[in-house]
Amino acid sequence: MASGSSSLMWFRKGLRIHDNPALQHAAKESNCVYPVFVIDPYFMEPDPNAFSPGSSRAGLNRIRFLLESLVDLDSSLRQLGSRLLVLKGDPGEVIIRCLKEWEVKRLCFEYDTDPYYQALDIKVKNYASAAGIEVFSPVSHTLFDSAEIIQKNGGRPPLSYQSFLKLAGQPSWASSPLLTTLSWLPPVGDVGTCEISNVPTVKELGYEEIGQDESTPFKGGESEALKRLRESIRDKEWVANFEKPKGDPSAFLKPATTVLSPYLKFGCLSSRYFYQCLTDVYKNMKWHTSPPVSLVGQLLWRDFFYTVGFGTPNFDRMKGNRICKQIPWNDDDELLAAWREARTGYPWIDAIMVQLRKWGWMHHLARHCVACFLTRGDLFVHWEKGRDVFERLLIDSDWAINNGNWLWLSCSSFFYQYNRIYSPISFGKKYDPNGNYIRHFLPILKDMPKEYIYEPWTAPPSIQAKAKCIIGKDYPKPVVCHDSAIKECKRKLAEAYALNKRLDGSVTEEDLKKLRRKLEEDENPESNTSRTRQKLIG
């Protein structure tokens, strides 16, 4: 390629300067670099019909987090003599128009395994190759190249964490230093007639601002990510002893994890740099935890889900997904809404769902509890419905990880011990006997004595009156009786597993319909009436 030509650096995720091979390549031998971010209506346009403020795909917390990340990126680029060029529209069309108008000779962007970006990238790459434009799209969002691991495994993704680790081995780049700083970038070229704007505010996108109390305490951006990383690895003992799934899901003033997941999701923090920082800490410690429970183990889980998601058609649904058990889930929108809107009558579950709505984040064990409760534990509602709620509200919502976790927690794939259920009463109590987490996120229960805070419906009327919280009026009665609900769920899953085994996974819609009818006919009349009677009272 002739020296002195122009490059377009297309930011999507990878919103950082450190360890950004696509940006480094764009800057090499170019006389100008166009750093571009496209505001995609698919993710950003307000949807007045959605169940929470935001677009049709993303809640407002995640949109705000992204905008903060872009402001931070723009500021870093300006320090290097450049700036972020923000455009609006269908990203594929916008990028092709820019390549034409600016006579770009080189297009650089970070490789992305998400199906949405895979389809988008084919369109842009096809145009670029026909126009003789060099395309450089390195893998730097993950530790490994998912395609390579699938190839090593004979064309199929490994379906267990241990087999993934065996195939993956050590990352090829792990022993060489990563480029974590840039001292300079070529200037931005002439932008011609393309409509360039600054990073928009939430208001400029058409959203109303929400109060501080209703928004996430976590701020977006690379600067914030690196600061959080430094704070996390400063306590070397903590890093060495970190052991998932241990940790306190009720700790909210100082969360029991790093809260680096949203920064990894948007690529404000390089997972490769995080990996190197952790291995540097381990080198100097006498002992440290290992995968799957260590912090490095968490990064490897992320890559495992990325790889399985990339190599599994229809990974994000039950139907047509060869690794997913076919289960006749309920299609009960009332129960789904009660769960989503924190009206289940189980304070531990409802407090977590309030934290999700307000903060866009909660501890992984809290996620496990509410996902289990919605699906195989109590309500038997389809995991896809819960996945959609998480996908919208989480600031760290990540396509492969979110789908992988819901498949896991509903016992549809990866994990099949459906008898192991998180109790919506005793699990939270173990960590927080006083119920401080519940009192914070459900202030209506703040004066309920600790003996009743996890089961307020058992409090005598005089205690409820004194606590200014009458169950069935101020706070709902439980939507199901946990003890009978778990028996029903286990019975249904046992039948569904037997059907999947008998038909060797080739379960049709008709088979599921028959099983659903059979399960309804066999339903214990006592639990059925108690569920109907209890359903959504109050």
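Which residues touch the most other members of the largest nonpolar core? They are Phe11, Leu15, Leu84, Trp339 and Leu379, out of 144 residues in that core. Welcome to this structure, which is a predicted model. The points below take you through its cores, a pair of helices and one buried arginine.

**The nonpolar cores**
- Helix α12, spanning residues 295-311, gives the most to the largest core, with nine residues.
- Phe11 is a good place to begin looking around: setting aside residues up to four places away in sequence, Phe11 touches Arg16, Asn20, Leu23, Pro35, Val36, Phe37, Leu73, Leu77 and Leu84.
- There is also a second, separate core of 22 residues, and Leu8, Val38, Val94 and Cys98 are among them.

**Two helices that pack together**
- Helix α14 (residues 347-359) packs against helix α16 (residues 383-393) at an angle of about 40 degrees, and their axes lie 9 Å apart.
- Because of that angle, α14 is oblique to α16.
- On the α14 side the contact is made by Met353, Leu356 and Arg357, while α16 brings Val389, Phe390 and Leu393.
- By type, the residues of this contact comprise five nonpolar and one charged, with no polar residue.

**A buried arginine**
- You can find Arg272 in helix α11, which covers residues 271-283.
- Arg272 counts as buried because its relative accessibility is 9%, and buried means under 20%.
- Apart from neighbours within four places in sequence, Arg272 is in contact with Asp19, Pro21, Val139, Ser140, Thr142, Leu143, Trp173 and Leu178.

Notes. Residues numbered from 1 in each chain as written. Predicted model: local features only at pLDDT ≥ 70, side-chain atom pairs only at ≥ 80, totals over all residues. Heavy atoms only, no water. Axes fitted to C-alpha atoms, helices over the stretch in contact; angles between N-to-C directions. Helix = DSSP H or I, 4+ residues; strand = E, 2+ residues; numbered from the N terminus. Parallel < 35°, antiparallel > 145°, perpendicular 65-115°, else oblique. Contact = heavy atoms within 4.5 Å. Nonpolar A, V, L, I, M, F, W, Y, C, P; charged D, E, K, R; others polar. Core = buried A, V, L, I, M, F, W, Y, C linked by side-chain atoms within 4.5 Å. Buried < 20%, exposed > 50% of the residue type's maximum accessible area, 1.4 Å probe, protein only.
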